[in-house]
Amino acid sequence: MRALVVLLCLCFASAEPLVLSLIGDVQKAYSWSRLKIADLLDEKERLEESPIWGGEIRAGLSANPENRFYLGLELAHQRRGLKYYGAFAEYNFTPAINRHLRAILGAGAGYSFATLASENVTISGQNPGDLSFKGASYFAKVGALLPISRRAEIELFVKGKHMILGEDSGSIELGMPLPVTLNLDKTFTISGGIGLNFRF
């Protein structure tokens with residue numbers, strides 16, 4: 001543990017300027033969910049949401065030209081569909097391809113809070129209301145960095161993410177109130193995005 005702390009201190013002692021990123025993306029989400037209705041039904045459902053518009057703001061340090069560490073906030077939204085927000089930590093490895101282009105190999109983890117609009121879960125013409133979820137998430141991404149000035153660069157990327165969102169419950173009325181539970185532990189998103197990075 002002491003060796004890890006010393007290594008991090010050495011990295012950041014020679015760190016390049018801070019990096020601030022503003023990012024927008026468009027996503028497609030899949031969820032292999034589990035739907036339960038009292039003792040009447042227990043089955044797997046496949047939910048699909050597209051397009052979901054997202055955005056991120058990140059701040060971090062460039063330990064050297066090839067290693068970046070970020071903390072960030074994200075927000076994603078689909079009208080009458082899946083919405084989520086959260087915080088995350090991210091690492092990017094950015095090796096140079098040539099003088100004007102760097103690759104991005106990134107990975108990160110975070111925590112997300114999500115809601116699913118009631119229109120997406122309809123049973124016999126009824127729905128259990130908007131459902132809320134929360135849980136851990138992790139992701140990987142690939143992309144490229146294109147410098148546009150000494151202090152700014154464009155980031156292009158594709159990212160895949162798994163959100164382990166847990167479950168929430170509501171109820172429907174079929175002669176009597178029946179509890180409905182939806183589990184979204186297997187929720188995945190694939191996104192393509194563009195960002196602007198500022199170096200200070």
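**Contacts, salt bridges and a cavity in a predicted model**

In this predicted model, serine 137 is in contact, once its neighbours within four places in sequence are set aside, with Ala109, Gly110, Tyr111, Ser112, Lys161, His162 and Met163. Serine 137 belongs to strand S7, which covers residues 131–147. With a relative accessible area of 5%, serine 137 is buried, because the limit for that class is under 20%. Among the residues that serine 137 touches, Ser112 is also a polar partner, since the side chains of serine 137 and serine 112 make a polar contact at 3.5 Å.

Strand S7 also holds lysine 141, and from this residue a set of charged pairs can be followed. Side chains of opposite charge can pair when their charged atoms come close. Lysine 141 and glutamate 90 meet through their side chains in a salt bridge, with an N to O distance of 2.8 Å. Because lysine 141 lies in strand S7 and glutamate 90 in strand S4 (residues 82–93), this pair ties together parts that are 51 residues apart in sequence. Lysine 141 counts as buried, at 5% relative accessibility, and glutamate 90 likewise counts as buried, at 5% relative accessibility.

Lysine 141 has a further partner in glutamate 155, and in this salt bridge the closest N and O atoms are 2.6 Å apart. Here strand S7, with lysine 141, is tied to strand S8, with glutamate 155, so the parts brought together are 14 residues apart in sequence. Glutamate 155 is itself buried, its relative accessible area being 1%. Salt bridges with shared partners join Arg58, Glu90, Lys141 and Glu155 into one network.

The remaining member to describe is arginine 58, which forms a salt bridge with glutamate 155, where the closest N and O atoms are 2.8 Å apart. This pair links distant parts of the chain, with arginine 58 in strand S2 (residues 41–64) and glutamate 155 in strand S8 (residues 152–163), 97 residues apart. Arginine 58 and glutamate 155 are both buried. Over the whole structure, the search finds nine salt bridges.

A second site to examine is lysine 28, in strand S1 (residues 18–37). Lysine 28 is partly exposed, because its relative accessible area of 24% falls between the limits of 20% and 50%. Not counting residues up to four places away in sequence, lysine 28 touches Glu48, Glu49, Ser50, Phe188, Thr189 and Ile190. One of these, glutamate 48, makes a side-chain to side-chain polar contact with lysine 28 at 2.8 Å. Another, isoleucine 190, is 162 residues from lysine 28 along the chain, yet the C-alpha atoms of the two are separated by 5.5 Å.

The last feature is an enclosed space. Rolling a probe the size of a water molecule over the atoms shows where empty space is left. A search of the whole structure finds one cavity of 30 Å³ or more, and the volume of the largest cavity is about 50 Å³. Its lining consists of Ala29, Ser31, Leu47, Glu49, Leu82, Leu116, Leu184 and Thr187. Strands S1 and S2 each supply at least two residues of this lining, and by class the lining residues of the largest cavity divide into five nonpolar, two polar and one charged. Glu49 appears in this lining and also among the residues touched by lysine 28, which connects the cavity to the site described before it.

Definitions and conventions
Residues numbered from 1 in each chain as written. Predicted model: local features only at pLDDT ≥ 70, side-chain atom pairs only at ≥ 80, totals over all residues. Heavy atoms only, no water. Helix = DSSP H or I, 4+ residues; strand = E, 2+ residues; numbered from the N terminus. Buried < 20%, exposed > 50% of the residue type's maximum accessible area, 1.4 Å probe, protein only. Polar contact = N/O pair within 3.5 Å; in protein donor to acceptor, adjacent residues only side chain to side chain. Contact = heavy atoms within 4.5 Å. Salt bridge = Lys/Arg side-chain N within 4 Å of Asp/Glu carboxyl O. 1 Å grid on protein atoms, 1.4 Å probe; cavity = no way out; pocket = protein on both sides within 12 Å on 5 of 7 lines; lining within 4 Å. Points joined across faces, edges and corners; volume = space filled by probe spheres on them. Nonpolar A, V, L, I, M, F, W, Y, C, P; charged D, E, K, R; others polar.
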